[in-house]
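Please open the model in your viewer and keep the selection panel handy. We will go from stop to stop, selecting a few residues or elements each time.

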Amino acid sequence: MVIAVSASGTTPFTVAALQQAGSSGAVTIGVANNPGTALLKTAKFPILVETGRELIAGSTRMKAGTAQKVVLNLISSGIMLRLGRVYRGMMVNMLPTNAKLKRRAEAMVSQIADCDPAQAARALEEAEGEIKVAVLLTLGADTAEAETILRQYDGNLRRVFAELAKQKNPPAKTASVRKRDLAVEP
């Protein structure tokens with residue numbers, strides 16, 4: 001997939017790159033701020049963000065650039081949701097690489113698994129920072145089981161819990177899920 005961005009929609013190298021990507025079989029998306037432009041005509045999926053003239057001519061960072069950034073944020077957020085990297089509004093694929101992110105990861109595990117922060121911290125340490133694995137650890141799985149379960153559902157924690165909810169006696173809330181509940185089949 002190639003996403004080409006041009007405020008005018010006529011930037012030659014951007015249009016050429018999108019044409020080349022399309023001829024190579026890539027899915028193409030074009031984001032422009034002017035209707036009927038070459039970029040939008042070239043793209044398989046054109047996105048027009050009609051913002052009108054800039055307050056200061058030639059300063060596309062103002063309206064056009066800001067609007068395009070919103071579009072790109074929406075696309076990337078949608079992709080993260082679709083890939084299962086977000087669970088209940090939390091970025092569960094985040095790697096806690098500093099103290100702030102470690103606290104955030106502990107809060108996520110604590111909230112999702114309904115456990116105390118100390119238990120969440122221990123699980124994250126055992127899971128080597130993998131939030132989804134840590135959640136399943138706090139719910140009774142061991143590391144190998146947690147990794148196997150996540151592989152069965154393409155790493156998608158939402159799908160794991162959806163499968164658990166389909167079982168005969170689904171737990172009333174996430175915290176009541178225990179090891180026996182985690183033995184889900186593909």
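Start by selecting Arg 88, which sits in the loop between strand 4 (86–87) and strand 5 (90–91). This is a predicted model, so take the angles that follow as computed values. Arg 88 is not a glycine, yet its phi is positive, about 45°. Colour by accessibility and Arg 88 comes out as partly exposed, because its relative accessibility is 47%.

Next, select Asp 114 for another backbone angle of this kind. Its phi is near 55°, a positive value in a residue other than glycine. You will find Asp 114 in the loop between helix 4 (99–113) and helix 5 (117–126). With a relative accessibility of 45%, Asp 114 counts as partly exposed.

Keep going along the chain to helix 6 (residues 131–138). How many of its 8 residues are buried? The count is 8 of 8, so the helix is mostly covered. Show the side chains and you can pick out the buried residues, among them Ile 131, Val 133, Leu 136 and Leu 137. Lys 132 and Thr 138 are also on the buried list. After the helix comes Gly 140, with a positive phi near 115°.

Now zoom out and switch to a cartoon view. The protein has 9 helices and 5 strands, and along the sequence they follow the pattern β-α-β-α-β-α-β-β-α-α-α-α-α-α. Of its 186 residues, 39% count as buried. The accessible surface is about 10800 Å², and carbon and sulfur atoms hold 56% of that area. Looking at contacts with a sequence separation of 6 or more, 43% are between residues 24 or more positions apart.

Select the three strands of the open sheet, which are ordered 1-2-3 with parallel pairing. Strand 1 and strand 3 (45–48) are at the edges: each has a single partner strand, so one side of each has no neighbour in the sheet. From one strand to the next, the twist averages 15°. In general, the strands of a sheet pair through backbone hydrogen bonds, in parallel or antiparallel fashion. Here, strand 2 (residues 28–32) and strand 3 run parallel and are joined by 4 bridges. For one partnership to display, choose Val 31 and its bridge partner in strand 3, Ile 47.

Add the helices that meet this sheet. Helix 1 (residues 12–23) lies across strand 1 and strand 2, at about 165° to strand 1. Helix 3 (residues 63–82) packs on the sheet and touches strand 1, strand 2 and strand 3, its direction making about 165° with that of strand 1.

Stay with helix 1 and select Ala 21, one of its residues. Is Ala 21 buried or exposed? Ala 21 is buried, because its relative accessible area of 10% is under the 20% cut-off. Setting aside neighbours within four places in sequence, Ala 21 contacts Val 2, Ala 26 and Thr 28. If you draw a C-alpha to C-alpha distance from Ala 21 to Ile 3, it reads 9.6 Å, with their positions 18 residues apart in sequence.

For the last stop, turn on the surface and select Met 1, in the segment before strand 1 (2–6). Met 1 counts as exposed, because its relative accessibility is 61%. Then extend the selection to Ile 3, Val 5, Val 27, Phe 45 and Leu 72: with Met 1, these residues make a nonpolar surface patch of about 480 Å².

Notes:
Residues are numbered from 1 along each chain as its sequence is written. This is a predicted model: local features need pLDDT of at least 70, side-chain atom pairs count only at pLDDT 80 or more; totals for chains, interfaces and linings use all residues. Side-chain values use heavy atoms; hydrogens and water are left out. Patches are made of residues with over 30% relative accessible area and no salt bridge: like charges are joined within 9 Å, nonpolar side chains (Val, Leu, Ile, Met, Phe, Trp, Tyr) within 5 Å. Accessible areas come from the Shrake-Rupley method with a 1.4 Å probe; for residues, only the protein chains shown count as cover. A salt bridge is a side-chain nitrogen of Lys or Arg within 4 Å of a carboxyl oxygen of Asp or Glu. Helices (H or I, at least four residues) and strands (E, at least two) are DSSP runs, numbered from the N terminus. Buried means under 20% relative accessible area, exposed over 50%, partly exposed in between (1.4 Å probe, protein chains only). Two strands pair if DSSP finds at least two bridges between them. Axes are lines fitted to C-alpha atoms, for helices over the stretch in contact, and angles run from 0 to 180 degrees between N-to-C directions. Contact means heavy atoms within 4.5 Å.
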